[in-house]
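Biologist: I am new to reading protein models, and I would love a close look at one part of this one. Could you take me through the end of a helix and the charged side chains there, and then show me how that part fits into the rest of the chain?

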Amino acid sequence: MMVDRTLAQVGRNLSDAMRILGDGQREPEAGAERWRLSRASIPGPLQGDGQDVATILHLVHNLIHDEEEEEDKPSQHRMQNVGEQGHMALLGHSLAAYISVLDRERLRKLTTRILSDTTLWLCRLFRYENGSAYFHEDDRDGLVKVCRLVINARYEEYASEGYAVLSTKQPVIYQSASGRPGLGQHLCSQLGLPLSSLCTVPCNTIFGSQHQMDVALLDTLIKEDIEAGKLPLLLIVNAGTPGAGHTDKLARLKDVCDQYSMWLHVEGVNLATLALAQVTSAIMAATRSDSMTLTPGQWLGLPAVTAVTLYRHEDPALSLAAGLTCSQPVARLRALPLWLSLQYLGHNGIVQKIRHATALSQQLLQKLKAMTSIKTSVEDELSSPVVLFKFSQETSAASSGGSVEGYCAGDKEVLDAFNRWLGEQLVQLVPSSGVDVVELEDEGTCVRFSPLLTAAVLGTQQENIEELAEKLAQLLPMMCSTMCLRQDFREETHRHSPSLAYIQDLSWPGLGAVRYEPQTEGMDESRRKQELEKINTELLKKLQDLDTDIVFSTGPEFGTEEHCVFVGMVTEDVDVSELVDTVAALGRDIEESGRLLENMTEVVRKGILEAEQQLQLANEEKLMEEGMLRQLPLVGSVLNWFSPFQSSIKGRTFNLAAGSLDSTEGTYSTKAQTGRPSLQETPTSSSKKLPGQKLFRRSGAGSESFSETSSIGQAEEPPGGGGSTPSGSVHPPACPPAAEEDAHTAGDAAAEESQESSLQVHTPVVEEEEVTSEERQPEGQEAEPSGR
């Protein structure tokens, strides 16, 4: 077979480019050096000497993975699974550039063949007979062109008069309330129509799906617009709403459009099922529409493939005026990547991919039906390619025997937060599943599985669905227990008021939030905030260091509450009372330790002043007891030799922890310093922990729950640093090391200032030898009182 040498070179270049971008192997030595220079010059001036293809491709690869290399870790964003059919689509873009340089006649013949083949294949594949195709990059652009076609068809003088003719009868475009957000506004801006030309039809409120357009109300709105002198122009309906994947009643809506001579346009992911052998009647009605927009690139996993709008219209001149057809051959090359990919897959391959996606939906749906705490919202359980599910408060409370009393007012916000957390966890734990989180007006936050949009791109298989169901089954018990224990956590926190304050944050997916409130009497507002932030920050660090599976954090990234401790998901065997008691005890210890540090200087100063006063009194008493003669140097020595005098004056000890002066009388009798009860003791847990048992777990509870999904926004929990904390109780240090150093320093300073006296300033133990050596000095060297 004869092959164009240029075409062969294009194919080889594409293969080399995909290999380089895929594995990222750099050329050694000089190639790597050139890459570094090129990387360092971006942004910057264009280099004088040209670079080879391999160097440029290496640069592109490293720009793609720039963020990963800077963070020194693999990216969590999964790239599209580019298979052989994806390579064909990419080859199409390369060939389009090559074909565009052919002579005009050959280019016209080739582009006509490509456009005709692709249109024929798509119309037969999706059961749309006698249709034409428009290929466009923006999936909204086809609808814009269709609207221009309808305007040209309904307003005969539009081509000559322009927008002035629209003032006679204002056109009206109808869309569903559950349609794509911003689609109607985009149409009006592109067509130059006022927003009053857009009419949003509400969905059903009593009968039928809450995501389907209300047909009776639509008929009423059309009649009102006609009576107001307006012209009903076009109706946009959904075969698979963007959020829930529900399909409007296409057959009835088509009859309404025929009655009022309106154009019916259909879009949605469920249109892909038209390629299957068995199609539901609800979807089959889409083949009667005037136009439909398809996105085969998403359904088949084809990168950079255009969307396609199929339409039926008999006047080619109006189609050309609307922009649906183009006389320029180069513009028709947009269909080339899809033309190549469809040939590579074949009819059976295309149908197999779509069938595989729908089978994955049915597999997950069967798994969800067996879970009591999951509520599904599926339009047609037998054939729907979109699965929508969420964690249900009613079923969780009933299954676990707990109570969610007190959350009636904000239960929707709480459930939304829990379901948002559930979706984020599933995305991180099973990224190949393709699940995502959607916000719906009626159902709230839900988890959506739409394999027609993700399976071909991510390569989702049945084992991924099995893994998804397993992870979901592991997360649900934790969510149920956390939901039931939220009320207990709030009550226990109120029991410790005013030292602990419960923070009402319905958007937090966890046990709750708490703030330690220190005693701030006499402090101004700025000082109070600083103290609050300091204590709660230190409290959070201490809780994170405990040996427990519970995750403590600062809360949501964009939360409104500050200086709080947010408690994450917990298992059913968690002792909430012990948890709250520990939080209160740690907060109290931090507050007292900080207060001791702040007041240490003042305590030492006051102690020294008090010591000087007591020394002066002791000197006066000594003078009264010994008499004046014993104070004279020579006479006193003689008297002491013949008649020794036993003084009744005792020493003093300075307790830094209590900030008080104590007598050393107890030291002489017991040879040990009198102990005082520590102010820093932390109440220990009354329950005894088994070896290896985590904190805050009730003894005799169920099996160890897993901890890999107990963190918020992380698939794996950071390892606890509680190796130094006993599992049965929490004992923070009575005084930080810095405080001890300050205490010794202050004690030494006090001792030096009163070294001429009999007072001793110390904290630990007073040795008897030191006391006796200071009290009973040799003759002629007795210390004079310092209270002069």
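Modeller: Happy to! One definition will help us from the start: a residue counts as buried when its relative accessible area is under 20%, as exposed when that area is over 50%, and as partly exposed in between. With that cut-off in hand, E492 is buried, because its relative accessible area is 19%. Please keep in mind that this is a predicted model.

Let's stay with E492 for a moment. Its side chain meets that of R495 in a salt bridge, with 2.6 Å from N to O. Why can two such side chains pair up? Side chains of opposite charge can do so when their charged atoms come close. Both E492 and R495 sit in helix α19, which covers residues 462-495. They are 3 residues apart there, so about one helical turn separates them. R495 itself is partly exposed, with a relative accessible area of 49%.

R495 has another partner as well. It also forms a salt bridge with D581, where the closest N and O atoms are 3.2 Å apart. This pair links distant parts of the chain: R495 belongs to helix α19, while D581 belongs to helix α21 (residues 576-626), and their positions lie 86 residues apart in the numbering. D581 is partly exposed, at 30% relative accessible area. So R495 takes part in a bridge inside its own helix and in one that reaches over to α21.

Just past this spot, the backbone has something to show you. The peptide bond from S497 to P498 is cis, with omega near 10 degrees. P498 lies in the loop between α19 and β12, a strand spanning residues 500-503.

Now let's see how this corner fits into the rest. The chain has 788 residues, and buried ones make up 47% of them. It contains 25 helices and 17 strands. Take the contacts between residues at least 6 apart in sequence: 71% of them join residues at least 24 apart. For a single example of distant positions meeting, look at D547 and K694. They are 147 residues apart along the chain, yet their C-alpha atoms are separated by 5.9 Å. D547 is in the loop between α20 (525-544) and β14 (552-553), and it counts as partly exposed at 22% relative accessibility.

Salt bridges turn up elsewhere too, with a count of 19. One of them joins the side chains of K223 and D219, at 3.3 Å from N to O. Like E492 and R495, these two share a helix: both lie in α10 (residues 215-227), 4 residues apart, which is about one turn. D219 is buried, with a relative accessible area of 17%, whereas K223 is partly exposed at 42%. In another place, D139, R180 and E267 are linked in a network of salt bridges.

Charged pairs are one thing to look for; helices lying against each other are another. Follow helix α6 (residues 104-125) and helix α15 (residues 336-369): their axes come within 10 Å and cross at roughly 30 degrees. The two helices are therefore roughly parallel to each other. The crossing in which α6 passes α15 is left-handed. On the α6 side, the contact is made by I114, D117, T118, W121, L122 and L125. On the α15 side, L336, L338, W339, L342, Q343, H347, I350 and V351 take part. Sorted by character, the residues of this contact are 10 nonpolar, 3 polar and 1 charged.

From α6 you can walk onward to another backbone detail. N130 is in the loop between α6 and β1 (132-136). It has a positive phi of about 55 degrees although it is not a glycine. N130 is exposed, with a relative accessible area of 73%. A304 also has a positive phi of about 55 degrees without being a glycine. You will find A304 in the loop between α13 (296-300) and β7 (307-311), where it is partly exposed at 49% relative accessible area.

To come back to where we began, try finding E492 on your screen, then R495, with which it shares a salt bridge. From R495, go across to D581 in α21.

Key
Residues numbered from 1 in each chain as written. Predicted model: local features only at pLDDT ≥ 70, side-chain atom pairs only at ≥ 80, totals over all residues. Heavy atoms only, no water. Axes fitted to C-alpha atoms, helices over the stretch in contact; angles between N-to-C directions. Parallel < 35°, antiparallel > 145°, perpendicular 65-115°, else oblique. Left-handed = near helix turned anticlockwise from the far one by under 90°. Contact = heavy atoms within 4.5 Å. Nonpolar A, V, L, I, M, F, W, Y, C, P; charged D, E, K, R; others polar. Salt bridge = Lys/Arg side-chain N within 4 Å of Asp/Glu carboxyl O. Buried < 20%, exposed > 50% of the residue type's maximum accessible area, 1.4 Å probe, protein only.
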